[in-house]
Amino acid sequence: MEFISLLQYSAPVALAAIGEIVVQQSGVIDIGLEGSMLVGSYFGMLTCLATHNPWLGLGAAILAALLLTLLFGVFTVLLAADQVVVGTAVNLFAMGLTSALFRSKFGGTMQLISIPRLGAYHGIDLIMVGMLVSVPAVWYLMRRTAWGLAVRSCGEYPKSAEAAGFSVYKLRLQALAIGGLFAGLSGAYLSLVIAGSFAENMTAGRGFVAIAMVTFGRWKPHFAFLAALLVGFADSLQYRFQTYGWHVPFQLMIAMPYIVALAVLVLVGKGTAAPGALAQPYRMDK
Amino acid sequence: MKRLVGISLYPIGLLLILVATLAFFKVPVRDGLGLLYSGAVGDRFAWSRMAVKSTPMLLTGLGMVVAWRGGIYNIGGEGQFIVGGIFGGTVARFAVFTSHPWSPWLATSGILVACVAGGAAWAWLAGWLYLRRGVEVVISTILLNFIALQFLGYCCSGPLQEKAKQVPLTDALPDEVMLPKLSRQMDAHFGVVLAIMAALLIYTYLFRTRAGFRVRLVGENPRMARANRIDAGRAKIQAMVVSGALCGLAGGIEYLGMSGQLGTGFSQQWGFLGIPVALLGGLHPLACILSASVFGALLAGAENLARYTPTGSTLVYVIQAVAVLGYVGIKAYRDRLPAVEA
Amino acid sequence: MATLIVDNVFKRFGGVAALEAVSVEFRSGEIHAVLGENGAGKSTLMNVMSGFVRPDRGTVLLNGTSIPLGIAFACKQMGIEMIHQHFTLTPAFSVEENLALARLDRLATTIDTKALAGKALAIAKSLEWEVDPSARTGQLPVGVQQRIEILKALSGEAEVLIFDEPTAVLSPSEVEDLFRVLRRLRDEGKCLILIAHKLSEVLGVADWVTVLRNGRVVATAPRDEVDSDKLAFWMVGQMPDRASRSDSKERVDGLTVRSLSIKGDRGEASVSNATFEIRQGEILGFGGVDGNGQVELAETLAQIRKHSSGAVLWCGRPFGSDLPRIGYVPQDRQTDGLALRMSIRDNMLVSALHRPSFWSGPLIRAKQVGAWVDSLIDRFSIKAESGSDLTGKLSGGNQQKVIVSRILDDEPGLLVVLNPGRGLDIKATEYVYDVLLAARDRGAAIALFSTDLDELYSLSDRVLFMLRGQLVDATGASAMLGG
């Protein structure tokens, strides 16, 4: 049971990280991940509230996150704008939009919103199962399919993908679509499974954590998943220590994964795991 | 002339975005604009609110200008802001909350200097990791933001916590240590002046000094810098340190000017809000005064919209984000057109 | 059996004609070399044939069918493959993955990279090439990477193979092996097109030779009917008389280079054991085909790149912090020479960071700098409205003038210049040459690197050639071209 609650706790970061792996392997770093998750959370909650159907909520969450991620893609892939700049703007947009909509819809009454949650069996819900399946599935997708090979070549050396007759733009947008799907799942998990509600800036930096965990996990789904569990575990320790009455500064526990991630980067240096063309806009010469 | 037309497009575009956003959130546009106006610049209290809101954004925005001009994507303004605050809070511990407090003037300057040093050190770390170990600044600054935030949380409930040990906050600074107010009834404090001075200083640094020239050159074309025997690594580290110092200063001014104490909510996204300020200011320090003022005015004015919508400052984020996307989109679209080769 | 016919092709870039009325026929079972100096139109021609550049006029026919001009991938599918100098291999992939990538025909399928790479690996075997399919491509020597690039093309049943300067990156034994494979592919009936520079290599392997000059076909002839003198004449025209000037002038000690060895960016030996001297008031020309260590040597002389062994001395002493003052005119002005989004003023200021009269403490003296920039614009007749114009908006000639003016005004003792006239029109070229000669007469020691023989001989007092990182004396240009 303990492990399941850990899984539940870690799922938002893990899901987002798994999607981000696909995106980064195509050569794009989705700094706007946080924002995509947030709109997923909000619109998932909103739809669920309106229809009383968490499944429709899940669908809306995925759709919203997908749209925002593709907006990021239009700017960064098609227009070759800087990924950091656009990502930051997308995050700001999502935070502003969801908070403003939330306030203008519910702010006056300040009621506590409660929505039907996704069904679960002994704490195991379908998204969690999907997450567990997605770890090997994404590995398989990237390593054993033609699409994965082509996408990875986009991330490493886009010219080679183009020489093989593939459109770098298309492949990167497709990768972003998968990232958007996972961002939606992640956002929905927060509002529809864990909280059964929504709060302003609900993602609270989990998108950034996911990006960090992709690096920490050396762009491998299983490592990133374990890294996300580690974050969840460190996070959950604070409550445990409180119950035991231990006085370990829990903030340091929470910070530990980031410190470890940074330390790994320092030791490995630039490393060979990072996609060679990560964060470099690609322009076809014509 | 062409340039003038180009520049005048910005306010028009911004106004359009503003109107569209108001309409989207079902605020009557005419009333909304009027309320925004009066809330931002309607009377001297409004001006004061606007100035106070613009100040941290201007400083973090300047920080982004320097780093990005030097070709480094520092998105760690948030962390540098926070670490600045922590350094300041630490000095305050020894300078103010002790049996032998320093003279207020000395304490204030000491805290401010510590904040600047803290921000600079945090940014230097990211710069050093990039140069010596090849860790991408985008990733390292994201990580450092989190570490800083947790560190702040730890400090506020640990070594720097208030005396009663009840809430996760530091002791509130006494009024005499706070930055002097420009007028008794208003919020506007001396930090506003400091921020504008910083903008002038950074303008001088970037466009009037050798060091700033090197930073710009390295950012524009590192290969050309190399061909002219300019040490790109040194220039980048310097840009990063100056950038962090500005973000730390922003933290210090927020601490000494407004909050007076530190808590986990110390930075209201000021580090991130610097990014739109810098971009829409065209990465020019003086233009950033304008862009920071515009967004500060919107933030101040948005509080006035409460009658129509409870959205408050969140509306401003939307406007900022759309403005950045519009700006970046138009720029990127233009860049896609083939350059004219004679 | 494939025949590729280029029919009356025209292509202009900006105002410059890259190809004019070019018609050539390439047949299967033949190795057909296309020769020409830099800028003669070779690259444009092969880019047209492989679909990377769309010509303004004219057609290209493969077995009587016109190829989809300007659509590289469609050309590839018709069986025209180009082996670029810059490979299209993913460095982080294994050899197998790279070979498989080239063989994907649809994306929505699972793959077995081993099976997909199988054909290419079988071809490798038949060509007696040892290829480790699990090796990381980026870590392989360039020669092996080229083999993988060729295997990629062959496994796609290419009928026409276009090689872009394939020997430029190879060692002599690798060149031998490549030629062995080329001959073999010819015997199997492939149509092979070789873009080349070095006459000896062309004469060693080609069946037919086409020479381009200034975008036009000078001649097409079977191998048996040409020799290196004839080809050299077709390529460069009449060899200019060797310049002999200022010999009378007394020369002062300048740059001395002893047994200098330099490593390239990938750690490869790019210059080995170079020894030479350039006196003050002398221009030493370095000729040779691009990529033979010129850039590395130039950067080392300009103190941008470190050398691995040997000595670089000025007047018998190691370089000091201010002596000699070095001026460096890089090969690629837009990437190394200028910051295109900065003003003329800022681009000139780069060379004046050390001049005390322009600075008071850390601060710039804007007035003095402004006057200086205006005077340079005036003296070098740079066409610009003011010093605040962006250099990116200037024409190529004026861009070069910005670089040359800022450097020469600094009165460098040592001047390192790469291809100063490349891409400039006649007037601008003349101007830059005059300025260089004036600097020489003023007493500068000048190292002039150029792939253009005319330029080399009209400016240099002495000429050396670079071949695979070695300096060679040249008794005549044709010897070099043949070397």
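**Chain contacts and salt bridges**

Me: Is Arg345(C) buried or exposed?
Reply: This is a predicted model. Buried means under 20% relative accessible area. Arg345(C) has a relative accessibility of 19%, so Arg345(C) counts as buried.

Me: With which residue does Arg345(C) form a salt bridge, and is that partner buried or exposed?
Reply: The closest N and O atoms are 3.5 Å apart in the salt bridge of Arg345(C) with Asp346(C). At 7% relative accessibility, the partner is under the 20% cut-off. The residue asked for is therefore Asp346(C), which is buried.

Me: Which residue of the salt bridge between Arg440(C) and Asp441(C) is partly exposed?
Reply: In this pair the closest N and O atoms are 2.9 Å apart. Arg440(C) is buried, because its relative accessible area is 2%. At 42%, the residue that is partly exposed is Asp441(C).

Me: How many salt bridges does the rule find across the interface of chain A and chain B?
Reply: A search of the whole structure finds 32 salt bridges over all chains. Between chain A and chain B, about 4,000 Å² is buried, 81% of it on carbon and sulfur atoms. Across this interface the number of salt bridges found is 0.

Me: Which element gives the largest share of the side of chain A that touches chain B?
Reply: The elements that give two or more residues to this side are helices H3 (54-78), H4 (83-107), H9 (206-216) and H11 (250-268) of chain A. The largest share is 16 residues, and it comes from H4(A).

Technical notes: Residues numbered from 1 in each chain as written. Chains lettered and ligands numbered in written order. Predicted model: local features only at pLDDT ≥ 70, side-chain atom pairs only at ≥ 80, totals over all residues. Heavy atoms only, no water. Buried area = accessible area lost by both parts, 1.4 Å probe. Salt bridge = Lys/Arg side-chain N within 4 Å of Asp/Glu carboxyl O. Helix = DSSP H or I, 4+ residues; strand = E, 2+ residues; numbered from the N terminus. Buried < 20%, exposed > 50% of the residue type's maximum accessible area, 1.4 Å probe, protein only.
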